[in-house]
Amino acid sequence: MSGKCLPLLLAASLWPVEGLAHLMNMSQVRGGLDPSGELRLVMRMDLQRQLGGAAAYHRLSALGGAALAHPSYQAHWQALLDAVEVSQRGQRLRSRLRRVEPPEGYRLEQFTSGFSWPMTELELTLSVDPQLPIKVRFRSSFAFEEPIALTLETASGDNRRTRLLVANQQSAPFLGHANPAYANQPATGSPQIAALGAFVVQGLVHVLPLGPDHLLFLLCLYLGCQNPRQLVVLVSWFTLAHSLSLAAAAYRLVPVPTAWVEALIVASILWLAIANLRHPSRLAVRVPVIALFGLLHGLGFATALRALDVDPGNFLLTLLAFNVGVEIGQLGFIGVLALLLHWPLRQRWGQSRVRMPLAALATLASSVWLAQRIGAL
């Protein structure tokens, strides 16, 4: 069984996950509704996939603001307008692309590294009826980096809603503050089950499937535990530690140097993978070490949560919901590992044919990722 899996695992170990690690290139859209009925959507997006690669994205960046009128990119801008669907009462509204500002000051190697996250800012405008609910959908015909963090607010700031969407998912209706028909509705900033559920899902997908570095760490931890009791103790301490640092960083109680945190997270995986190789019969890992690694991983999760522009009034509930999603993801993955590896690791050949090859592949993968992340510092 392990021999058949090795090519797949090797390919996975070399997969360029640096940009996916903590969703730093997610699409971010902020919409401002003016009382006159103008809706401005300011979008910050990574256009590498849409343009066909790093080199093409680098060429766009050299154009600066002239990219909006450049004939080579008109098909892309039209595709964007077609993909951003804003509707009221089931009728789609026509939008206009007013501004394109590609990233400036980036070298070509920074586009290929996956750590710099060059973002293009685009501005769309629409004429809407401020008395009617607004719904937004981002069609998959344009290569949006997901999830898409959508914030809609009135110009006065008295009405604001943040949602996480995936392609082809329609947002909940956004109600303009001037609409008397909704005067008795609860404030849109109040915590709602659907909103909190979205953040649970976001925490979940941040681990499964978009957190390969975190999953590799959990694999190394599983391989190194000799019995379920040890696994429960170490995972519990890891969970507690990353929950504390996630909260501290999300509330901006501690600074989060993103590039260094990402590098240290991979270094923790490499350390644990090498420990599995050096101590094949007994992993010499202690609670303080795992707790320290948990603190690092919590800081990494916080970078994604802080990028979502969460309503400050609901931040605590949002933080809890996000963390619940993270825990569901990691416990689910450990459960899958138990189903796949528990029996093989209990066999006499499990040490040489399963545990050691997986630890070696984890060492290889984390070494490659660490070299990439150090190179981007």
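1. Contact, as the word is used in this note, means heavy atoms within 4.5 Å, and every value below was computed from a predicted model.

2. Val42 belongs to strand E2, which covers residues 38-45. When neighbours within four places in sequence are set aside, the residues in contact with Val42 are Gln28, Val29, Arg30, Arg99, Glu121, Leu122 and Glu123. One of these pairings joins distant parts of the sequence, as Val42 and Leu122 are separated by 80 residues along the chain, while their C-alpha atoms lie 5.8 Å apart in space.

3. Turning to the helices, H7 (residues 212-224) and H8 have axes that come within 9 Å of each other and cross at roughly 150°, and the crossing is right-handed. On the H7 side, the contact is made by His214, Phe217, Leu221, Tyr222 and Gly224, and these are met by Gln230, Leu231, Leu234, Val235 and Phe238 of H8.

4. Helix H8, which spans 228-250, also takes part in a nonpolar patch, to which H8 and helix H10 (287-306) each supply at least two residues. This surface patch, of about 540 Å², consists of Val233, Trp237, Leu240, Leu244, Leu292 and Leu295, and H8 gives the largest share, namely four residues.

5. Among the patch members, Leu244 is located in helix H8. Is Leu244 buried or exposed? Leu244 counts as exposed because its relative accessible area is 53%, and the term applies to values over 50%.

Technical notes. Residues numbered from 1 in each chain as written. Predicted model: local features only at pLDDT ≥ 70, side-chain atom pairs only at ≥ 80, totals over all residues. Heavy atoms only, no water. Patch = residues over 30% accessible without salt bridge, like charges linked within 9 Å, V, L, I, M, F, W, Y side chains within 5 Å. Areas by Shrake-Rupley, 256 points an atom, 1.4 Å probe, with all protein chains shown as cover. Salt bridge = Lys/Arg side-chain N within 4 Å of Asp/Glu carboxyl O. Buried < 20%, exposed > 50% of the residue type's maximum accessible area, 1.4 Å probe, protein only. Axes fitted to C-alpha atoms, helices over the stretch in contact; angles between N-to-C directions. Left-handed = near helix turned anticlockwise from the far one by under 90°.
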